[in-house]
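These notes are meant for a colleague who opens this structure without having worked on it before. They go through it point by point, and each point is best read with the structure in view.

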Amino acid sequence: MHPIYPYFAILLLAAGCAPQPPEGAGADWAHYLGHPTSNQYSTLDQITTQNVRTLEVAWTFVTGDSALYEANNLIVDGVLYTPTPSRRVIALNAATGEHLWTFDPTTIQTHEPTRRIEAQRGITYWEDGDDKRILSARGPWLFSLDARTGVPVPSFGEGGWIHLGDGMDVEGRPNVGLNSTGYIYKDMFIVG
């Protein structure tokens, strides 16, 4: 064996272990916690540890809900999508705060679940070409909304929504549906 081969192998191994830049969200925050890995990291560099203290509020928006807010907003193509504690979904111009639309699931599914709806933790964004959707749940109902208008997508389930089924939670209480955002893999919506 030539004496350079062991050094060459070590060099190749070291090159394969070089630190990779972290994956993260860019201008869009289209996934729960920013990126499909949920790493809460953005590759944007306009705000730094040196200038963060000079930031000022650009705009605010009052949702009208007074409950605990535990959700992760999404930003896609300059639109901020926010779920409210009452399970409404609101779309705003991310630069100006201008209200674009609001979807209220109680206008479609008016019955109350058998027990209190848990906190709303998020919504899910999906797109396939020009078909762009927001998925949100209230109780056992999953809604698929046109991301541009907030109107339920008629081709999804029963006119824009599906019933996730009845069942019991781990404590033997009637299940009221999702409180956490789901994940999308290819064309599958995956929930816990």
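1. Which residue in the turn between β3 and β4 has a positive phi? In this predicted model, β3 and β4 form a hairpin with five residues between them, and the residue in question is Gly 97, whose phi is about 85°. The two strands of this hairpin run antiparallel and are joined by four bridges. Among the bridge partners, Val 89 has Phe 103 opposite it in β4, Ile 90 has Thr 102, and Leu 92 has His 99.

2. For general orientation, the protein chain holds one helix and 10 strands. Read from the N terminus on, the elements run α-β-β-β-β-β-β-β-β-β-β, and of the 192 residues in the protein chain, 33% are buried.

3. The hairpin of the opening point belongs to an open sheet of four strands, which stand in the order β1-β2-β3-β4 with antiparallel pairing. The strands at its edges are β1, covering residues 74-76, and β4, and each of these pairs on one side only. From one strand to the next, the twist averages 20°.

4. Within this sheet, β2 and β3 also form a hairpin with five residues between them, and there it is Arg 87 in the turn that has a positive phi, of about 80°. Five bridges join β2 to β3, and the two strands run antiparallel. Val 89 in β3 stands opposite Pro 83, and on the side of β4 the bridge partner of Val 89 is Phe 103.

5. Is strand β3 largely enclosed or largely open? Four of its five residues are buried, so β3 is largely enclosed by the rest of the structure. The cut-off that matters for this reading is that a buried residue has under 20% relative accessible area.

6. Turning to the aromatic side chains, a search of the whole structure finds three aromatic pairs. A pair of aromatic rings is described by the distance of the centres and the angle of the planes. For Tyr 81 and Trp 101 the centres are 6.1 Å apart and the planes form an angle of 45°, so the pair is classed as tilted. Tyr 81 lies in strand β2 (residues 79-83) and Trp 101 in strand β4 (residues 99-103), and the pair therefore ties together parts that are 20 residues apart in sequence. Both Tyr 81 and Trp 101 are buried. Elsewhere, Phe 103, Phe 143 and Trp 161 form one aromatic cluster.

7. A further open sheet of four strands has the order β5-β6-β7-β8, and its pairing is antiparallel. Its edge strands are β5 (124-128) and β8 (161-163), each of which pairs on one side only. With direction ignored, neighbouring strands of this sheet are turned by 20° against each other on average. Strand β6 (residues 131-138) pairs with strand β7 (residues 141-146) over six bridges in the antiparallel sense, and within this pairing Ile 134 has Leu 145 in β7 as its bridge partner.

8. The loop between α1 (5-16) and β1 contains Ser 42, and Glu 70 lies in the loop between α1 and β1 as well. Ser 42 counts as partly exposed, at 24% relative accessibility, and its C-alpha is 8.0 Å from that of Glu 23, with the two residues 19 apart in sequence. Glu 70, at 29% relative accessibility, also counts as partly exposed. Between Glu 70 and Thr 84 there are 8.8 Å from C-alpha to C-alpha, and these residues are 14 apart in sequence.

9. Which residues form a nonpolar patch on the surface? They are Tyr 183, Tyr 185, Met 188 and Ile 190, which together have about 410 Å² of accessible area. The elements that give two or more residues to the patch are β9 (183-185) and β10 (188-190). Ile 190 lies in strand β10 and has a relative accessible area of 43%, so this residue is partly exposed.

Conventions: Residues are numbered from 1 along each chain as its sequence is written. This is a predicted model: local features need pLDDT of at least 70, side-chain atom pairs count only at pLDDT 80 or more; totals for chains, interfaces and linings use all residues. Side-chain values use heavy atoms; hydrogens and water are left out. Patches are made of residues with over 30% relative accessible area and no salt bridge: like charges are joined within 9 Å, nonpolar side chains (Val, Leu, Ile, Met, Phe, Trp, Tyr) within 5 Å. Accessible areas come from the Shrake-Rupley method with a 1.4 Å probe; for residues, only the protein chains shown count as cover. A salt bridge is a side-chain nitrogen of Lys or Arg within 4 Å of a carboxyl oxygen of Asp or Glu. Buried means under 20% relative accessible area, exposed over 50%, partly exposed in between (1.4 Å probe, protein chains only). Rings of Phe, Tyr and Trp (its six-membered ring) pair if their centres lie within 6.5 Å; planes under 30 degrees apart count as stacked, over 60 as edge-to-face and the rest as tilted. Two strands pair if DSSP finds at least two bridges between them. Axes are lines fitted to C-alpha atoms, for helices over the stretch in contact, and angles run from 0 to 180 degrees between N-to-C directions.
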